[in-house]
Amino acid sequence: FFRSFLDAQVAFSVSLQLLLFGSVSYRAMAVLRSYASAGLAVCLSVLLLCTAEAGNSGSPEPDDLKQMQILTSQNFSTEIGSGNWLLMFYAPWCGHCKRVKPILANLSVSPEVSMGEGIRIGLVDCTTESSICGLYSVSIYPTLKYVHEGRAHSYRGNRDMDTLKTFLRRLLVTDVEEISSLMAFRKFTDITTNVAVVLFPGQSSAAEDLTLLGKVRAGAASFGPIPFTVVKSQEVRRALNLDPAERVLAVYNELGNQTYDGPWEDAAVLAWIEKNQFLAVEELEPYKYYVYTDRRLPIAILLLDFGRVGEGAEDLLPGADTPPVPTTGLSELRALAGMPELANKFAFTRLDGGNWQMWLKQFGISQDQFPFFFVFESFNDLYFSNVTAAAAIAEALNGQDSAKATQLMAQFLHRVLSGEEEVKAVSFAGKIKRFSRLLNLPDLTPGPRVIYLTMALCLALFGIFLIATWFSQKKGEAKALAEKKKN
């Protein structure tokens, strides 16, 4: 791509000569022709490779749709207008789509689809139903969305059977627990694994507030197992010094709570809950990783060995007990998350490095270095890793010197923010971004429009190639005619 862009620059500069001055030397025309040819060859090669890859993936194998429904422009508006739907937008050549399809097919005949109001599962082929996919802003395959009470939401969770079943239970079982005592409230907000959402309905808007909470709960179903509750107890309000008639919505995590102060509209409330859906310190997993990446938030990762086998407890040998998750680094990371100068600059996480050793190879980190603290800008493919600082942090953690460990981790993060720590790259794109950052240049990596730009460039180069060939031919004919007359 970069070579084709350089070739294009030369080709266009010579073309500009021709347009401005009405003529160009034969030598310049030869340069124009060769560079246009080179750029065209690169572009066409890339397009042919893309076409070949798409072709090699072939058409999907005939499969058992079970209770899934094929949705087209003929039946989409009629079907989608009633009931709840889980939709998969796909392309027949997409390998990931082929893996998700049978999971959804089995899900369509599971008991979970009949819970509550029930839900149907539909498939939309974006290669033939581009108008529907455009309406739902589908840009990658597969994309999962669910429609609840006429409103579409993006499904952001994992696509395995267990996660999808849990998601359906959260979506379709709409009963919200009501807390009536201070003791029950304190137990509910004693946060250990997930944030909790608490609504204190207003005295004059209780019905409206409960309706809004139901819509928001449905929209947040794919965020994760976030518990929702309603508190009508005046005892709890008095303990929290809340106005007896005021409506209050709060998200509680292990550091305290945040109160919503925006407009009381379901879309705005849902966006606020999505922003605050994680604990101050999380155990890193794929869904959270992608959310942090989408938010362009650097991830501060403390690598530990949880002593587990495979991807989780289900991979342990039969009869074996799941080792308890260690608490190493939890208090230190929570202290960092509570520092105002760091709170919104990083996502603070712990990761079971023993299960992710292949992934860690790109950072040059091995298991014998655990616990290991580093920062990864997943959205830039850049990371900050200081072996000396990490070893000092590990020594403090292993020696249970919490104050020293917190201080050393904070110092490392401040050096990352100030640019004092060396930035490293894990990919070619990361190297380009590292180069532009070191030279204080704008981001040099191609943006999302690169494909359209490349196609336009190919067409332009092809036109230049034809013009150059025609001029070259005419120039040769004129030269041959001149020599003939001379002889």
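# A tour of two sheets, their helices and their ring pairs

In S8, Thr-229 is the bridge partner of Val-198. Select both residues to begin. The model you have open is a predicted one.

**Stop 1: the five-stranded sheet**

Now widen the selection to the two strands. S7 covers residues 196-200 and S8 covers residues 228-231. Three bridges join them, and they run parallel.

Add the rest of the sheet. Its order is S6-S8-S7-S9-S10. The sheet is open, has five strands and shows mixed pairing. Which strands stand at the edges? They are S6 (177-179) and S10. Each has a single partner strand, so one side of each is left without a neighbour in the sheet. Look along the sheet next: neighbouring strands are turned by 30° against each other on average, direction ignored.

Show helix H8, residues 206-219. H8 lies across S7, S8 and S9. Its direction runs at about 170° to S8. Then show H10. This helix packs on the sheet too, touching S7, S8, S9 and S10. The direction of H10 makes about 15° with that of S9.

**Stop 2: ring pairs around this sheet**

Colour the aromatic side chains. The count comes to 22 aromatic pairs. Select Phe-185 and Tyr-252. Their ring centres are 5.7 Å apart and their planes stand at 85°. Planes over 60 degrees apart count as edge-to-face, so this pair is edge-to-face. Where do the two residues lie? Phe-185 is in helix H7 (residues 182-188), and Tyr-252 is in strand S9 (residues 248-253). The pair therefore ties together parts that are 67 residues apart in sequence. Phe-185 and Tyr-252 are both buried.

Move to Tyr-260 and Trp-272. Their ring centres are 5.2 Å apart, with the planes at 55°, so this pair is tilted. Tyr-260 sits in the loop between strand S10 (256-259) and helix H10 (266-275). Trp-272 is in helix H10, and the two residues are twelve residues apart. Are these residues buried or exposed? Tyr-260 has a relative accessible area of 9%, so it is buried. Trp-272 counts as buried as well, at 13% relative accessibility.

**Stop 3: two packed helices**

Select helix H4 (residues 95-107) and helix H6 (residues 161-172). Their axes are 10 Å apart and they pack at an angle of about 45°. H4 and H6 are therefore oblique to each other. Their crossing is right-handed. Show the side chains where they meet. From H4 come Ile-103, Leu-104, Asn-106 and Leu-107. From H6 come Met-161, Leu-164, Lys-165 and Leu-168.

**Stop 4: helix H11 and Tyr-287**

Go to helix H11, residues 286-294, and pick Tyr-287. Tyr-287 has a relative accessible area of 6%, so it is buried. Which residues does Tyr-287 touch, leaving out those up to four places away in sequence? They are Arg-156, Gly-157, Asn-158, Ser-222, Phe-223, Gln-277 and Phe-278. Draw a distance to Gly-157. The C-alpha atoms of Tyr-287 and Gly-157 are 6.0 Å apart, while the two residues are 130 residues apart in sequence.

Stay on H11. Its buried residues include Tyr-287, Lys-288, Tyr-289, Val-291 and Tyr-292. The buried residues of H11 pack against S11, S12, S13, helix H14 (357-360) and S14. Arg-296 follows H11, and its phi is positive, near 55°.

**Stop 5: the six-stranded sheet**

Select the second sheet. This open sheet has six strands in the order S11-S13-S12-S14-S15-S16, with mixed pairing. Its edge strands are S11 (281-283) and S16 (424-425), each pairing on one side only.

Zoom in on S14 (residues 372-377) and S15 (residues 382-384). Three bridges join these strands, which run antiparallel. Val-375 stands opposite Phe-384 in S15.

Now add two helices. H12 (residues 330-337) lies across S11, S12 (299-304), S13 (347-352) and S14. The angle between H12 and S13 is about 160°. H16 (residues 402-418) lies across S12, S13, S14 and S15. H16 runs at about 25° to S14.

**Last stop: a ring cluster**

Select Tyr-289, Tyr-290, Trp-359, Phe-363, Phe-372, Phe-374, Phe-376 and Tyr-383. Ring pairs link these residues into a cluster.

Definitions and conventions
Residues are numbered from 1 along each chain as its sequence is written. This is a predicted model: local features need pLDDT of at least 70, side-chain atom pairs count only at pLDDT 80 or more; totals for chains, interfaces and linings use all residues. Side-chain values use heavy atoms; hydrogens and water are left out. Rings of Phe, Tyr and Trp (its six-membered ring) pair if their centres lie within 6.5 Å; planes under 30 degrees apart count as stacked, over 60 as edge-to-face and the rest as tilted. Helices (H or I, at least four residues) and strands (E, at least two) are DSSP runs, numbered from the N terminus. Buried means under 20% relative accessible area, exposed over 50%, partly exposed in between (1.4 Å probe, protein chains only). Contact means heavy atoms within 4.5 Å. Two strands pair if DSSP finds at least two bridges between them. Axes are lines fitted to C-alpha atoms, for helices over the stretch in contact, and angles run from 0 to 180 degrees between N-to-C directions. Angles under 35 degrees count as roughly parallel, over 145 as roughly antiparallel, 65 to 115 as roughly perpendicular and the rest as oblique. A crossing is left-handed if the near helix is turned anticlockwise from the far one by less than a right angle, and right-handed if clockwise.
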